[in-house]
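Please open the model in your viewer and keep the sequence panel beside it. The tour below goes from one selection to the next and says what is found at each stop.

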Amino acid sequence: MDSLKGGEQGYAIEFYGGKKMGMVPIVVYIIISAGLAIFFQVYSMKGLAVASVIGLFADFFFVKEKAKYWKVIIKGLTQFGNSKLIFTFILIGLFTKLLTVGNIGSGFVWLSTQLGITGSGFVVFTFIASTIISMGTGAPIAAVFAVVPIFYPPGIMLGAKAAVLVGAILSGVFFGDAMSPSSQVINTTIDTQHDKQTHKPADLQAVMKARSPYLVGVALLSAILFYMSGATGAVINPAKLAIINQNADGKGLFMLIPIVILLVISFIKKDLFLGLSYATVIGLILGVVLGNFQMRDILMTNRQHELLGILTTGTFSMTDIIISSILLFGMIAVAVESGCLDMLCEWILKKKVIQSPMGAELVLVLSIGVINILLSGCVLPAILLFSNVADQIGQSANISPNKRSYLLTGVATTVTAIIPVNSAFVMGAVTLINQIKVTGYGKVAVNPFEIFASSYYCILLTLVCFLWVFKREKQNNTEKVGIKGVSRNA
């Protein structure tokens with residue numbers, strides 16, 4: 001991409017109006033996506049993709065050399081980490097579809113009935129089950145759409161409070177994603193945070209080892225709160241139990257085997273693709289052999305000669321997020337290649353608060369939190385948008401890439417992801433629930449603000465993230481930070 005070099009101070013593109021115009025696509029993206037969520041209740045990656053397209057076209061008319069503009073946008077996808085993420089989406093889409101068709105959720109429902117779990121006990125059970133499923137999917141938003149339809153109806157029939165039940169689902173999804181080595185969020189963050197001296201990215205095992213004790217502690221406390229507040233006190237009659245049993249399938253628990261394979265291989269080999277490959281192939285074989293699904297469920301055609309099955313629907317299940325990510329990569333490339341991000345970093349680094357690691361970490365925490373809220377709690381786009389800035393600030397303030405990684409991922413999955421007026425997670429769950437008719441109850445409405453107040457894991461994790469800011473790393477105890485400016489990460 002040497003042909004892209006040139007312009008002011010070696011930046012690939014220049015704008016009428018200066019470097020700050022490189023932020024126009026992102027600003028337009030934030031305004032439109034937030035507007036779609038707040039005013040039109042559009043909670044989907046399609047809305048983010050449309051907002052991205054509008055933002056990119058809005059900036060096209062301000063660029064001086066228009067022929068270079070789209071080349072810069074395309075360059076955003078040529079980064080290895082970005083291309084790697086696209087393939088990650090495809091493989092995770094396949095694996096998630098495998099789990100769904102394999103009835104893993106029905107397996108958990110069967111287990112709860114066998115153990116006689118009801119009321120608040122079922123809420124805690126749902127929290128645990130959502131955690132496990134989320135660990136396998138590696139995508140929190142995909143896990144929400146998979147888990148809510150499975151656990152919400154039996155939960156209501158078994159005497160669980162609606163809002164607390166949904167809060168447990170969201171909490172489990174975020175906790176499971178945080179504990180999963182196959183998480184898109186953590187892998188993306190790690191790939192974008194680099195060491196100042198070696199330029200190596202953060203280490204997955206080191207990051208998970210550092211934060212896991214805190215996350216487990218938060219999860220345990222959350223489980224206690226779910227047990228204390230999750231029951232309605234309603235009596236479960238035989239008729240309701242019979243309906244629940246119709247949605248139970250013990251064979252679904254066999255789908256835990258592919259999840260275990262994925263987690264073990266990914267953690268030991270530090271290779272997500274290796275883990276997903278083995279887990280998917282073995283899962284397909286096990287599903288057929290054990291009777292969870294048939295061969296035709298893997299790949300088949302209908303009367304309209306359309307391809308269906310796990311391979312087809314799984315491959316295309318992540319299309320929206322792939323397109324949104326590609327466009328977001330392009331917007332970030334425009335901000336980088338115009339010098340806009342460098343200008344922003346230099347402005348931030350001149351502030352007094354940034355002169356210490358603690359101050360820099362506080363800036364990182366508050367910045368990613370605000371961006372996450374503006375992007376409707378869509379964790380991955382928020383990370384992608386802010387990762388380059390966080391990397392430059394972190395290097396200048398001598399914050400290790402490992403700490404930067406768990407600070408960013410931690411804050412992005414706190415209350416900033418579940419703001420009740422625009423969160424894709426909360427509103428997505430509400431949308432699903434409004435389409436569900438619980439036998440004997442009809443539609444059981446749930447208030448987004450009650451869901452927010454019942455998502456104990458996210459609330460408690462918010463406090464932990466600020467604790468991390470005040471907790472100093474050993475290597476930083478004797479360091480004096482020297483701010484010498486920033487260099488552009490091309």
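In which helix is the place of Ile132? Select helix H6, residues 119-137, and Ile132 will be found within that helix; as you look, keep in mind that this is a predicted model. Ile132 counts as partly exposed, because its relative accessible area is 24%, and the range for that class lies between the limits of 20% and 50%. If you then show what surrounds Ile132, leaving aside neighbours within four places in sequence, the residues in contact with it are Phe108, Leu256 and Ile259. For a sense of scale, draw a line from the C-alpha of Ile132 to that of Ser325: the two residues are 193 apart in sequence and 26 Å apart in space.

**Helix H1 and what follows it**

Next, select helix H1, residues 24-40, and put a distance label between the C-alpha atoms at its two ends. Those atoms are 23 Å apart, which agrees with the 24 Å that the 17 residues should span at 1.5 Å a residue. Colouring H1 by burial will pick out Val24, Pro25, Ile26, Val28, Tyr29, Ile30, Ser33, Ala34, Gly35 and Ala37 as buried. To see what these buried residues pack against, add helix H2 (45-60), helix H3 (66-78), helix H16 (319-337), helix H18 (357-374) and helix H19 (379-396) to the view. Just after H1, stop at Gln41, where phi is positive, at about 55 degrees.

**The crossing of H3 and H4**

Keep H3 in view and add helix H4, residues 80-101; the axes of these two helices come within 5 Å and cross at roughly 65 degrees. H3 is therefore roughly perpendicular to H4. On the H3 side the contact is made by Gly76, Leu77 and Thr78, while H4 contributes Phe80, Asn82, Ser83 and Ile86. Sorted by class, this contact of H3 with H4 has 3 nonpolar and 4 polar residues, and no charged ones.

**Helix H9 and its cap**

Now move to helix H9, residues 184-192, which is mostly covered, as 8 of its 9 residues are buried. The buried residues to select there are Gln184, Val185, Ile186, Asn187, Thr188, Thr189, Ile190 and Thr192. At the N-terminal end of H9, show the side chain of Ser183, which caps the helix with a side-chain oxygen 3.2 Å from the backbone nitrogen of Val185.

**Helix H13**

H9 is also among the elements that cover the buried residues of helix H13, and these elements further include H4, helix H12 (256-269), helix H14 (295-298) and helix H15 (310-316). Select H13 itself, residues 272-289: at 1.5 Å a residue its 18 residues should span 26 Å, and its end C-alpha atoms, at 25 Å apart, agree with that. The residues of H13 that are buried are Leu272, Gly275, Leu276, Ala279, Thr280, Gly283, Leu284, Leu286 and Gly287. H13 is followed by Gly291, which has a positive phi near 85 degrees.

**Two loop residues with positive phi**

Where does His305 lie? Select the loop between strand E1 (300-301) and strand E2 (307-308), and His305 is found there. Its phi is near 60 degrees, a positive value in a residue other than glycine, and His305 counts as exposed because its relative accessibility is 73%. Asn398, in the loop between H19 and helix H20 (401-412), likewise has a positive phi near 60 degrees, and with 21% relative accessibility Asn398 counts as partly exposed.

**Two threonines to finish**

From H20, continue into the loop that leads to helix H21 (424-434), where Thr413 lies. Is Thr413 buried or exposed? Thr413 counts as buried, because its relative accessibility is 6%. The side chain of Thr413 reaches the backbone oxygen of Thr409 at 3.0 Å, and, not counting residues up to four places away in sequence, Thr413 touches Phe174, Val379, Cys458 and Leu461.

For the last stop, select Thr462 in helix H23, residues 456-470. Thr462 counts as buried too, at 17% relative accessibility. Beyond its neighbours within four places in sequence, Thr462 is in contact with Thr414 and Val415, and a polar atom of the Thr462 side chain lies 3.4 Å from the backbone nitrogen of Val415.

Definitions and conventions
Residues are numbered from 1 along each chain as its sequence is written. This is a predicted model: local features need pLDDT of at least 70, side-chain atom pairs count only at pLDDT 80 or more; totals for chains, interfaces and linings use all residues. Side-chain values use heavy atoms; hydrogens and water are left out. Helices (H or I, at least four residues) and strands (E, at least two) are DSSP runs, numbered from the N terminus. Buried means under 20% relative accessible area, exposed over 50%, partly exposed in between (1.4 Å probe, protein chains only). A polar contact is a pair of N or O atoms within 3.5 Å; within protein, one must be able to donate a hydrogen and the other to accept it, and residues adjacent in sequence count only if both atoms are side-chain atoms. Contact means heavy atoms within 4.5 Å. The expected span of a helix is 1.5 Å times one less than its number of residues. Axes are lines fitted to C-alpha atoms, for helices over the stretch in contact, and angles run from 0 to 180 degrees between N-to-C directions. Angles under 35 degrees count as roughly parallel, over 145 as roughly antiparallel, 65 to 115 as roughly perpendicular and the rest as oblique. Ala, Val, Leu, Ile, Met, Phe, Trp, Tyr, Cys and Pro count as nonpolar, Asp, Glu, Lys and Arg as charged, and the others, Gly among them, as polar.
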